[in-house]
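Thanks for sharing this one. Here are my notes, in numbered points, for you to follow with the structure open beside you.

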Amino acid sequence: MDSVTIKPSKLSGIIKPPNSKSYTHRALCLSLLSNSPTIIVDPLISRDTNATMDSCLKFGSEINNLESSLEFIPPSILSNPGKLNVENSGTTLRFLTSISALVPTGEITITGDSSLQTRPMQPLIDSLHDLGVSCQSLDNDGTPPIIVHGGGVQGGNTEISGSISSQFVSSMLISCSQAKQETNIKLIEPIVSEPYIDSTLFMIDKFGGLVTRNNNVLTIQPAEYSCNKIHIPSDFSAAAFLFTGAILSRGKVTVIMDGQEMPQADKNILNIISQMGASIDIDSQNSSIAVSSEGNLSGGNFDLSSCPDLLPVVSVLSLFCSNSVKITGIEHTKYKESNRMKLVSTELQKTGATIAEYEDSLVIEPPNSIKSCRLNSYDDHRLFMAFSLIGLYSEGIEVIGRKSIDVSYPNFIDDINSLSGKMVINQ
């Protein structure tokens, strides 16, 4: 069976989470467009990043596995792969749509699994049209498959709503350094997941790109990318599950976090769990963060517009608070690997919680006690990991969707069990 049963247990120990999925995607795409080889140190190897790597190979790259790193040798001219299947990776879809326009000739079709084929793409398509790129949705409904015609990006001016996905903006930022002239992108507020744009700008700077920002206007100058070596930081998105596990199990976990100086949206988890009442000890000298809790959590209001991937863990933590929790800024989570906003609401009500769903928010009234239940993650990796943590405190929790963890955290179950957790894979 594709499920686990979790038995109450107290987590304890020291652990290092996987490295960042979002930074690995960015490193691979920038290396693809570079004019010299790049050593990518400590990349995350997962289902999503493999989708990007496989696509880079089809564009003509050579990627050699070294000890805990990749040697990435870019092609002198991008090959036309004809068709790319990026499976369930939305980041790969968005980034490679712009990159595909840089192929000299021909057209490329980008598709993926049934979930990915529901992802909105029209804002990116419209902006690429403004910049001289011919591309369209195959079914003319703004979703994949996407057809992109090569020939380059002209550049110029465009504006794009920031309300659906920051990946549209990051996609153009990465590719427009290769445009034929200066590009100006005006961001229309509200801008969701803005720290991910900061991550992209950080990486572009490391690769020698030339991007300036004046309020909500990003200006990209044509430039050649080159970076001899780039280190991928530890992933706060993954660490959030370890912090949450420590809190719900009434234990203490020390998480080793490399590269904390690099911008990451989900670092906001530290502010959230601190506000809820968890104990946090940051040791800068040893790059470690220790989290513990006696179980006395407080509710409150939490705005996740800049860090939507935290919705699953914050929702699960809310079940154990002494008062209600309002989570806002999450309308765009409807367009993730699943409709996370809806599934969090429907599934967590099985625990006995009362959850009210609004256009851009959830209000969670925690139950007096957690009911035994079987939760379905609908093959969404973040839902599976968050839901499974409930069982560290409460009896009778089974979660379906175990195989999804290879998207971002392949060793999640092993890591939880290494901290004295009791996750049992159902046969």
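**Notes on the backbone, the cavity and the helix packing**

1. Let me start with a loop. Pro 190 sits in the loop between β11 (183-188) and α6. The model is predicted, so please read each point below as a description of that prediction. The peptide bond that leads from Glu 189 into Pro 190 is cis, with omega near 0 degrees.

2. Stay in that loop for a moment, since Ser 193 also lies between β11 and α6. Ser 193 is not a glycine, yet its phi is positive, at about 55 degrees. As background, most residues other than glycine have a negative phi, and most peptide bonds are trans.

3. Please look at another proline as well. The peptide bond from Pro 144 to Pro 145 is cis, again with omega near 0 degrees. Pro 145 belongs to the loop between β8 (135-137) and β9 (146-149).

4. Now to the interior. How many cavities of 30 Å³ or more does the count give? The count comes to one, and the volume of the largest cavity is about 450 Å³. Its lining is made up of 31 residues, and those nearest the centre are Thr 91, Gln 167, Tyr 196, Asp 309 and Lys 336.

5. Which elements give two or more residues to that lining? They are α1 (21-32), α3 (90-100), α6 (194-206) and α11 (381-389). The largest share, four residues, comes from α1. By class, the lining of the largest cavity has five nonpolar, 14 polar and 12 charged residues.

6. On to the helices. In general, two packed helices are described by the angle between their axes and the distance between the axes. For α3 and α5 (residues 167-176), the angle is about 40 degrees and the axes are 8 Å apart. That angle makes α3 oblique to α5. The crossing of α3 with α5 is right-handed.

7. Which residues make the contact between α3 and α5? From α3 come Gly 90, Thr 91, Arg 94, Phe 95, Ser 98 and Ile 99. From α5 come Gln 167, Phe 168, Ser 170, Ser 171, Met 172, Ile 174 and Ser 175. The contact of α3 with α5 divides into five nonpolar, seven polar and one charged residue. Two names here may look familiar: Thr 91 and Gln 167 are among the residues nearest the centre of the largest cavity.

8. Next, α9 (residues 311-318) packs on α11 at an angle of about 20 degrees, and their axes are 8 Å apart. α9 is therefore roughly parallel to α11. The two helices pass in a right-handed crossing. On the α9 side the contact involves Pro 312, Val 313 and Val 316, which meet Arg 382, Leu 383, Ala 386 and Phe 387 of α11. This contact of α9 with α11 has six nonpolar residues, no polar ones and one charged.

9. α11 has a further partner to look at, α10 (residues 340-348). Here the axes come within 11 Å and cross at roughly 30 degrees. That makes α10 roughly parallel to α11, and α10 passes α11 in a right-handed crossing.

10. Where do α10 and α11 meet? Arg 340, Leu 343, Val 344, Glu 347 and Leu 348 of α10 meet His 381, Arg 382, Leu 383 and Phe 387 of α11. The residues of this contact divide into five nonpolar, one polar and three charged. It is worth clicking on Arg 382, Leu 383 and Phe 387, which take part in the contact with α10 and also in the contact with α9.

Technical notes
Residues numbered from 1 in each chain as written. Predicted model: local features only at pLDDT ≥ 70, side-chain atom pairs only at ≥ 80, totals over all residues. Heavy atoms only, no water. 1 Å grid on protein atoms, 1.4 Å probe; cavity = no way out; pocket = protein on both sides within 12 Å on 5 of 7 lines; lining within 4 Å. Points joined across faces, edges and corners; volume = space filled by probe spheres on them. Nonpolar A, V, L, I, M, F, W, Y, C, P; charged D, E, K, R; others polar. Axes fitted to C-alpha atoms, helices over the stretch in contact; angles between N-to-C directions. Parallel < 35°, antiparallel > 145°, perpendicular 65-115°, else oblique. Left-handed = near helix turned anticlockwise from the far one by under 90°. Contact = heavy atoms within 4.5 Å.
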